[in-house]
Amino acid sequence: MLPLDGMLVLDFSQFLAGPSCALRLADLGAQVVKVERRNGGDNCRQLFLADMAIDDDSALFHTINRNKGSIAVDLKSAEDLAAVKRLLAKADVMIQNFRPGVIERLGLGYEAVAALNPGIVYGSISGYGASGPWRDLPGQDLLVQSLSGLTWMNGNAADPPVPVGVSIADIVTGAHLCQGLLAALLRKARTGKGALVEVSLMESILDVQFEGLTHFVSGDQKQPQRSTISNGYVYHGGPYGLFATCDGYLAVAMNPVDKLGELIGSSALAAMSDRAAWFTRRDEIKGLLTEVLAGRSTEAWLAILQPADIWCAPVLDWVALTRHPGFAALDMLQTTLTQAGTPLVTTRCPIRIDGQILKHERGGPALGEDNYLLNPLQERTA
């Protein structure tokens with residue numbers, strides 16, 4: 001029995017942030033039912049990555065919506081809206097990520113839903129919060145990264161702003177919403193009281209930057225400078241960064257520069273025992289490291305540095321990662337099947353419950369495959 005067995009989640013959200021939250025709830029045992037447009041469904045069905053399709057929908061849709069059901073409705077239809085409200089009256093959780101004001105115009109804002117179901121835990125995602133000059137801007141991952149300052153943390157000093165190479169704002173926002181919903185469900189279990197849980201992409205991506213932003217707002221409030229070489233994190237001193245070896249790359253984290261210098265045979269670095277210099281001479285340190293580390297292979301350096309408790313690691317691409325015994329030991333992949341029986345290999349839930357790895361064979365839903373739920377007298381057909 002999984003922790004959320006028996007809970008009903010109605011997921012009105014589209015694309016990534018909301019569906020990623022609902023995905024985790026489904027992984028943990030909840031019955032998650034997507035509420036989709038009758039014509040076309042979730043827009044993510046047509047958001048293709050690498051032009052990969054599964055049963056005419058995007059592989060991305062099936063990845064982010066595995067182990068869920070689907071009802072297809074027209075929320076502007078009085079009949080469909082009434083049927084959805086009947087479901088909401090017995091739901092535990094609702095999730096929505098319409099632009100501010102839209103869900104209220106549809107008659108499904110928090111106050112309206114709480115009137116139907118006072119114990120509802122209602123999750124709401126926006127791009128930038130419910131007020132302010134950004135309120136009505138499109139809440140899209142790259143745009144939020146760009147507005148948040150995050151893109152100036154990546155790359156070297158001479159580089160233009162560099163976005164994170166994954167949908168970091170969406171996924172973190174989904175995780176934050178999941179945390180809030182679970183906390184609200186705990187309170188509901190004690191008191192019976194429902195909750196409105198609100199998150200935004202901007203607030204979540206700012207929270208991701210809490211380390212650097214804290215130093216910025218509490219310090220001189222000057223824009224931190226990226227390293228000119230092997231930038232890893234703007235507020236870390238040397239040697240923090242990625243360095244080329246003769247056959248690949250080596251990541252070197254926070255380490256005593258003098259000890260590192262002794263191990264790699266650099267007298268200049270070995271002489272740097274002053275910790276303050278590790279920050280003020282950051283790029284000099286990285287330049288010296290670059291020269292030395294290029295002379296041997298990644299494995300040769302690992303053989304020297306790891307036994308000496310130097311924090312370092314090889315820089316793997318996906319080909320090398322998926323062939324590594326460490327990846328195999330994690331058992332991170334699973335095969336899901338769509339309603340039509342089409343397989344898709346994807347990642348599994350990263351959470352373990354009582355030692356159990358959580359895998360679910362059910363893939364993403366066909367549009368409207370669970371419409372029987374809208375009519376309590378109608379039985380599910382095969």
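**Close-up views of a predicted model**

**View 1. The contact between helix 1 and helix 7.** In this predicted model, Ala17, Ser20, Cys21, Arg24 and Leu25 of helix 1 meet a set of residues in helix 7 made up of Asp170, Ile171, Thr173, Gly174, Leu177, Cys178, Leu181 and Leu182. Sorted by the character of their side chains, the residues of this contact divide into eight nonpolar, three polar and two charged. Helix 1 covers residues 17-27 and helix 7 covers residues 168-191, and the two pack at an angle of about 50° with their axes 7 Å apart. Because of that angle, helix 1 counts as oblique to helix 7, and the crossing of the two helices is right-handed.

**View 2. Helix 1 and its surroundings.** Ten of the eleven residues of helix 1 are buried, and helix 1 is therefore largely enclosed by the rest of the structure. The buried residues are Ala17, Gly18, Pro19, Ser20, Cys21, Ala22, Leu23, Leu25, Ala26 and Asp27. Several of these also take part in the contact with helix 7, among them Ala17, Ser20, Cys21 and Leu25. In an α-helix, residues three or four places apart point the same way, because there are 3.6 residues a turn. After helix 1 comes Gly29, a residue with a positive phi, near 110°.

**View 3. Val9 in strand 1.** Val9 belongs to strand 1, which takes in residues 8-11, and it counts as buried because its relative accessibility is 2%, where the cut-off for a buried residue is under 20%. When the neighbours within four places in sequence are left aside, Val9 is in contact with Leu25, Ala30, Gln31, Val32, Val33, Val93 and Ile95. One of these partners, Leu25, is itself a buried residue of helix 1 and also belongs to the contact of helix 1 with helix 7, so that Leu25 can be followed from View 1 through View 2 to this view. Val9 and Leu87 are 78 residues apart in sequence, while their C-alpha atoms are 9.8 Å apart in space.

**View 4. Arg86 in helix 3.** Arg86 lies in helix 3, which consists of residues 78-88. With a relative accessibility of 46%, Arg86 counts as partly exposed, since that category takes in values between the 20% cut-off for buried and the 50% cut-off for exposed residues. Arg86 and Ala244 are 158 residues apart along the chain, and their C-alpha atoms are separated by 60 Å.

**View 5. The contact between helix 6 and helix 8.** Helix 6, residues 141-148, packs against helix 8, residues 201-208, at an angle of about 55°, and the axes of the two helices are 10 Å apart. That angle is why helix 6 is described as oblique to helix 8; their crossing is right-handed. On the side of helix 6 the contact involves Asp141, Val144, Leu147 and Ser148, and on the side of helix 8 it involves Leu201, Met202, Ile205 and Leu206. By side-chain character, the residues of this contact divide into six nonpolar, one polar and one charged.

**View 6. The loop between helix 9 and strand 9.** Gln221 lies in the loop that runs between helix 9 and strand 9, and its phi is near 55°, a positive value in a residue other than glycine. Ser230, placed in the loop between helix 9 and strand 9, has a positive phi of about 50° although it is not a glycine. Ser230 counts as buried because its relative accessibility is 12%. Pro239 also has its place in this loop, with helix 9 formed by residues 210-218 and strand 9 by residues 241-244. The peptide bond that leads from Gly238 to Pro239 is cis, with omega near 10°.

**View 7. The whole chain, for orientation.** The protein chain contains 16 helices and 15 strands, and its C-alpha trace spans about 80 × 45 × 40 Å along the principal axes. Of its 382 residues, 42% count as buried. The accessible surface of the chain comes to about 19,400 Å², and carbon and sulfur atoms account for 57% of that surface. Among contacts with a separation of 6 or more, 66% are between residues 24 or more positions apart.

Definitions and conventions:
Residues are numbered from 1 along each chain as its sequence is written. This is a predicted model: local features need pLDDT of at least 70, side-chain atom pairs count only at pLDDT 80 or more; totals for chains, interfaces and linings use all residues. Side-chain values use heavy atoms; hydrogens and water are left out. Axes are lines fitted to C-alpha atoms, for helices over the stretch in contact, and angles run from 0 to 180 degrees between N-to-C directions. Helices (H or I, at least four residues) and strands (E, at least two) are DSSP runs, numbered from the N terminus. Angles under 35 degrees count as roughly parallel, over 145 as roughly antiparallel, 65 to 115 as roughly perpendicular and the rest as oblique. A crossing is left-handed if the near helix is turned anticlockwise from the far one by less than a right angle, and right-handed if clockwise. Contact means heavy atoms within 4.5 Å. Ala, Val, Leu, Ile, Met, Phe, Trp, Tyr, Cys and Pro count as nonpolar, Asp, Glu, Lys and Arg as charged, and the others, Gly among them, as polar. Buried means under 20% relative accessible area, exposed over 50%, partly exposed in between (1.4 Å probe, protein chains only). Accessible areas come from the Shrake-Rupley method with a 1.4 Å probe; for residues, only the protein chains shown count as cover.
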